[in-house]
Amino acid sequence: MAEPEDVRTLARATRLALSREAERGRGDLWAIAAGEKVSPRPKRAAAPAATAAPAATTATATEAPEMPPLVSPPGDTLEAIAAEVRACTKCGLHETRTQAVPGVGRGATGIVFVGEAPGAEEDRRGEPFVGRSGDLLTKIIAAMDEKQLIPGVTVSREAAFIGNVLKCRPPDNRNPMPHEIETCSPYLRRQLAVLKPRVIVCLGKFAAELLVGAKGTIAGMRGTVYRYGDSKLIVTYHPAACLRNPAFKRPVWEDMQLLAREYMST
């Protein structure tokens, strides 16, 4: 008979394997956008841990813990914040950047997409999400508009606002460091305070953990509607993750449907 420690080790390994299975989606985003009927995800009965992440239809508003108030200096504007970002030398990233990347879009629809940090193409052009992952995000937004997920609202890059947690590219596209997030994230918070969005979409782990205020996996955080000030906030996979693992495209499309439902219920 296995010793207690052996049993615990086996249990941990089993939980890890089941967790990895839970993160695997099925289907292809563009197949859905092209031909499938847009409908809420079916409500599931209790299931083993190896099933997909919680259905979007079970989402409930959850207050993000210990978040600072959504405030900005009197008269603050996106243009003023962008000018500060371009001149910023508060951390070492300014020494290796080509251009700072403040963000783009008018935010007129009340939808904001927040990613992690600029990549090589973004650093070269000074605009977020214009590389391969940016092309995929553009297609996702276009599919939302084509399918009229939000009736009467034109969904586009220009009408939304797209930004990142970090405004400068980390060398070799490494992960943001904690001190860089602490130094740079006030710019994003000010942008959100100016925009006052209806729905914020966190694209990936770093945006989610910053704005939700808690650590977790994307699989565990998606499907829940959080609160960031007066804004609703949802979490989904970063487009770069979809490029690495196409199985994530279907969960992302389901999350865009959740975005639309929450937008219309505001």
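## The largest cavity

The largest cavity in this predicted model has a volume of about 120 Å³. Here a cavity is a set of points on a 1 Å grid over the protein atoms alone where a 1.4 Å probe fits but cannot get out, and lining residues have an atom within 4 Å of a point. Of its 14 lining residues, Cys88, Cys91, Cys168, Cys184 and Tyr187 sit closest to the centre. Helix α6 (residues 178-195) chips in the most, with four residues. The lining splits into eight nonpolar, two polar and four charged residues.

## The second cavity

The second largest cavity holds about 30 Å³ of space. Its lining is Phe113, Leu137, Ile140, Leu203, Pro239, Val252 and Met256, with α5 and α10 each supplying at least two residues.

## The core and helix α5

The largest nonpolar core (buried Ala, Val, Leu, Ile, Met, Phe, Trp, Tyr and Cys residues joined through side-chain atoms within 4.5 Å) has 65 residues. Buried means under 20% relative accessible area with a 1.4 Å probe, protein chains only. Phe113, Met256 and Leu259 are among those with the most contacts inside the core, and helix α10 (residues 249-264) gives the most to it, seven residues.

As for α5 (residues 132-146), its end C-alpha atoms are 21 Å apart, which agrees with the 21 Å expected for 15 residues at 1.5 Å a residue. That expected span is 1.5 Å times one less than the number of residues. Its buried residues include Leu137 and Ile140. Just after α5, glutamine 148 takes a positive phi of about 50°.

## Ground rules

Residues are numbered from 1 along each chain as its sequence is written. Local features need pLDDT of at least 70 and side-chain atom pairs pLDDT 80 or more, while totals for chains, interfaces and linings use all residues, and side-chain values use heavy atoms, without hydrogens or water.

Technical notes
Buried means under 20% relative accessible area, exposed over 50%, partly exposed in between (1.4 Å probe, protein chains only). On a 1 Å grid over the protein atoms alone, a cavity is a set of points where a 1.4 Å probe fits but cannot get out, and a pocket is an open set with protein on both sides within 12 Å along at least five of seven lines; lining residues have an atom within 4 Å of a point. Grid points are joined across faces, edges and corners, and a volume is the space filled by probe spheres set on the points. Ala, Val, Leu, Ile, Met, Phe, Trp, Tyr, Cys and Pro count as nonpolar, Asp, Glu, Lys and Arg as charged, and the others, Gly among them, as polar.
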